[in-house]
Amino acid sequence: MTSAPPEHVPVPQSGFSEAEILARLGQAAFIWDIGSDAITWTAPATAIFSDIPANTLARGSDFAALIEPHRAVRSEALVAALQSGGTYRIDYGVRASTTAPLVWVEENGSVRTGSDGRPLRVEGIVRINNERHAHDEQLLKLSQRDPVTGELNRTHLLAALAESIEEATRFRASFAFMLIAIDHLGRINDAFGFDVADDVIADLAQRIRVRLRGGDIMGRFSGNKFGLVLKNCTADDANIAAERFLAGIRDEVIPTKSGPVSVTATIGAVSVPRYGRDVNEAVNRAQEALDAAKRRRRGSFNLWRPNVERDAQRRVNIRVTDEIVTALNERRIVCAFEPVVHADRSKPAFYEALVRMKQDDGQLLLAPDIVPVAERLGLIRLVDHRVLELVITELAETPDVQLSLNISPATAMDPDWLATIESLMRAHPGVAQRLIVEITETVAIHDLDDIRGFVNRLKALGSRIAIDDFGAGYTSFRNLRKLAVDIVKIDGAFVQNIAHSADDRAFVQTLIDLCRRLEIQTVAEWVQDETSAQMLHDWGCNYIQGRLTGLASSARPWLKGAEAVGRMSEA
């Protein structure tokens, strides 16, 4: 038995023409005759362009006059289409008058040409696209805005600053660029969490925003800083504005879900373009002013002003930076060696390696001239790496000598330096046991846990650890035990006057006694006379160094005659 063939089921008709369906979808098809400039629409175009007269929509040139922001967008698209297959897609806005709302349009079309290759007509479809444009605008806004505050992010803040500098330069105007830093934001993070800190940042942004004038620009410069461009703002105006911002921040607590939080802010500013001719200069000088305000008093304001001494020091820094880097490249960073002698002055126990820099005229710059500058300019790690190489080489070539070297606080926290010393010690067995590494008391105070790991790794290699300049800070003897240091070097400021100062005598004698009880050896620095040396010996100090026992020399005191001269010339 076979089934009956299926009956034909008619497709229901909507009753609308294709043109009417397009119109209901916010679309309309058109044919644009290039020669006559006439546009023929497949449905009344006024159905989708309700505010634009029909006669305006009937001519290409009249319609083009309504296009924003770039009227020539259609003609440029046609030229490009002729060169790339004949089709195009463009977006633009149209409006009937300057007061009418802007309608965003997406247009897709193809260009028909004659036998001579010239365009005859354009066939295409336009579609109202307000929703997509709004979405694109929202995405653009999000890309420009800080998500916490809704203000400009750093990239667009600096772009706005650049535009403001260009405009002010062109019109001989001035403005202030201001950095507002929230004080101690890290404490809020630690105490309440990052979500509460974000609430604080958002609240302060709003407080600053309501105190700005029309035309002023605000953005989030970094985690705890806002940047402001205050248009037409003199130095006096900047002072008034800064106090207004500071008062608005400090005078009211900020309600958060963890309770009220009270904060202050510090402000630095610079007048632009007078003292900020480009973005980098404006930002750097505003940051300098902010740093100066923080050093003086948190919660204050400082306006950048020229400073002859500061500018001269900056030029010196640039010159010295170049000199240090050149000296490193040319191997002109060398060592001098100062004896550390047994307190009975029987013989040297070891030598302290001190950095020197050979100058072009043959003179040597001493450590006090090199180290502070290198630390300030961020070059000390390079210097310390070079000194380490020199000391290890010296130890490897002279099996019976012991040396100590100082490292800066930055180097003590540098994993690369530790990796380098471990590598060098593996390459030269037996060297580690004859090396003493001196770290400053300041590092031991502030970074006890990190320093303990650093000390343990060095001691595991066989080296000894000394705390340098002990007494200048506030390290407790409990911390000395935690660090398991081998040697304490007593700050020379207390040692040099023990023959004349009862207070210094009491202090130094107490340190020596406590170290002896903890089985830590002691070195007294800056020993200058026989009386002081005898006192130190009687109190049980292990070693002394200073003018009395010999200052640092580039000669190797442990070498004799021609060998010492030869090694000096090699260096």
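## Exercise 1: A residue in strand β17

**Task.** In this predicted model, is Asp469 buried, partly exposed or exposed, and what is notable about its phi?

**Solution.**
1. Start with accessibility: Asp469 has a relative accessibility of 28%. Buried would need a value under 20% and exposed one over 50%, so Asp469 counts as partly exposed.
2. Next, find its place: Asp469 sits in strand β17, which covers residues 464–470.
3. Now look at the backbone. The phi of Asp469 is near 55°, a positive value although the residue is not glycine.
4. For context, most residues other than glycine have a negative phi.

## Exercise 2: Another positive phi

**Task.** Where is Arg331 found, and what is its phi?

**Solution.**
1. Arg331 belongs to the loop between α11 (308–329) and β12 (333–342).
2. Its phi is near 60°, again positive in a residue other than glycine.
3. With 46% relative accessibility, Arg331 counts as partly exposed.

## Exercise 3: Cis peptide bonds

**Task.** Which residue is joined to Pro69 by a cis peptide bond, and which to Pro273?

**Solution.**
1. Recall the background: most peptide bonds are trans.
2. Glu68 is the partner of Pro69, and omega of this cis bond is about -5°. Pro69 lies in the loop between β3 and α4 (73–83).
3. Val272 is the partner of Pro273, with omega about 5°. Pro273 is placed in the loop between β10 and α10.

## Exercise 4: Salt bridges across the chain

**Task.** Which parts of the chain does the salt bridge between Glu106 and Arg89 tie together? Then work through Asp183 with Arg298 and Glu422 with Arg457.

**Solution.**
1. The structure holds 32 salt bridges; here we take three pairs, beginning with Glu106 and Arg89, whose side chains meet at 3.5 Å, N to O.
2. Glu106 lies in strand β5 (residues 103–113) and Arg89 in strand β4 (residues 87–94), so this pair ties together parts 17 residues apart in sequence. Glu106 is buried at 10% relative accessible area, while Arg89 is partly exposed at 38%.
3. The pair is also part of a network: salt bridges link Arg89, Asp91, Glu106 and Arg127.
4. For the next pair, the side chains of Asp183 and Arg298 meet at 3.7 Å, N to O. Asp183 is in the loop between β7 (175–182) and α7 (185–192), and Arg298 is in the loop between α10 (279–296) and β11 (301–303), 115 residues apart. Asp183 counts as buried at 3% relative accessibility, and Arg298 as partly exposed at 39%.
5. Finally, Glu422 and Arg457 form a salt bridge of 3.0 Å, N to O. Glu422 is in helix α15 (residues 415–427) and Arg457 in helix α17 (residues 448–461), so the bridge ties together parts 35 residues apart in sequence. Glu422 is buried at 15% relative accessible area, whereas Arg457 is partly exposed at 43% relative accessibility.

## Exercise 5: Reading the strands

**Task.** In which order do the five strands of the open sheet lie, and which are the edge strands?

**Solution.**
1. Remember that strands of a sheet pair through backbone hydrogen bonds, either parallel or antiparallel.
2. The order of the open sheet is β8-β9-β7-β10-β11, with mixed pairing.
3. β8 (217–222) and β11 are the edge strands, each pairing on one side only. From one strand to the next, the twist averages 20°.
4. Take one pair from this sheet: β10 (residues 265–272) and β11 run parallel and are joined by three bridges. Ile267 stands opposite Phe301 in β11.
5. Then turn to β4. Strand β3 (residues 67–68) pairs with β4 in the antiparallel sense over two bridges, with Ile67 opposite Val94. β4 and β5 also run antiparallel, joined by eight bridges, and here Ile90 stands opposite Glu107.

## Exercise 6: Two helices in contact

**Task.** At what angle do α20 and α21 pack, and which residues make the contact?

**Solution.**
1. Helix α20 (residues 502–517) and helix α21 (residues 530–539) pack at about 35°, their axes 10 Å apart. The crossing is right-handed.
2. On α20 the contact involves Arg505, Val508, Gln509, Ile512 and Arg516; on α21 it involves Met535, Leu536 and Trp539.
3. Sorting these residues gives five nonpolar, one polar and two charged.

How values were computed
Residues numbered from 1 in each chain as written. Predicted model: local features only at pLDDT ≥ 70, side-chain atom pairs only at ≥ 80, totals over all residues. Heavy atoms only, no water. Salt bridge = Lys/Arg side-chain N within 4 Å of Asp/Glu carboxyl O. Helix = DSSP H or I, 4+ residues; strand = E, 2+ residues; numbered from the N terminus. Buried < 20%, exposed > 50% of the residue type's maximum accessible area, 1.4 Å probe, protein only. Axes fitted to C-alpha atoms, helices over the stretch in contact; angles between N-to-C directions. Left-handed = near helix turned anticlockwise from the far one by under 90°. Contact = heavy atoms within 4.5 Å. Nonpolar A, V, L, I, M, F, W, Y, C, P; charged D, E, K, R; others polar. Pairing = 2+ DSSP bridges.
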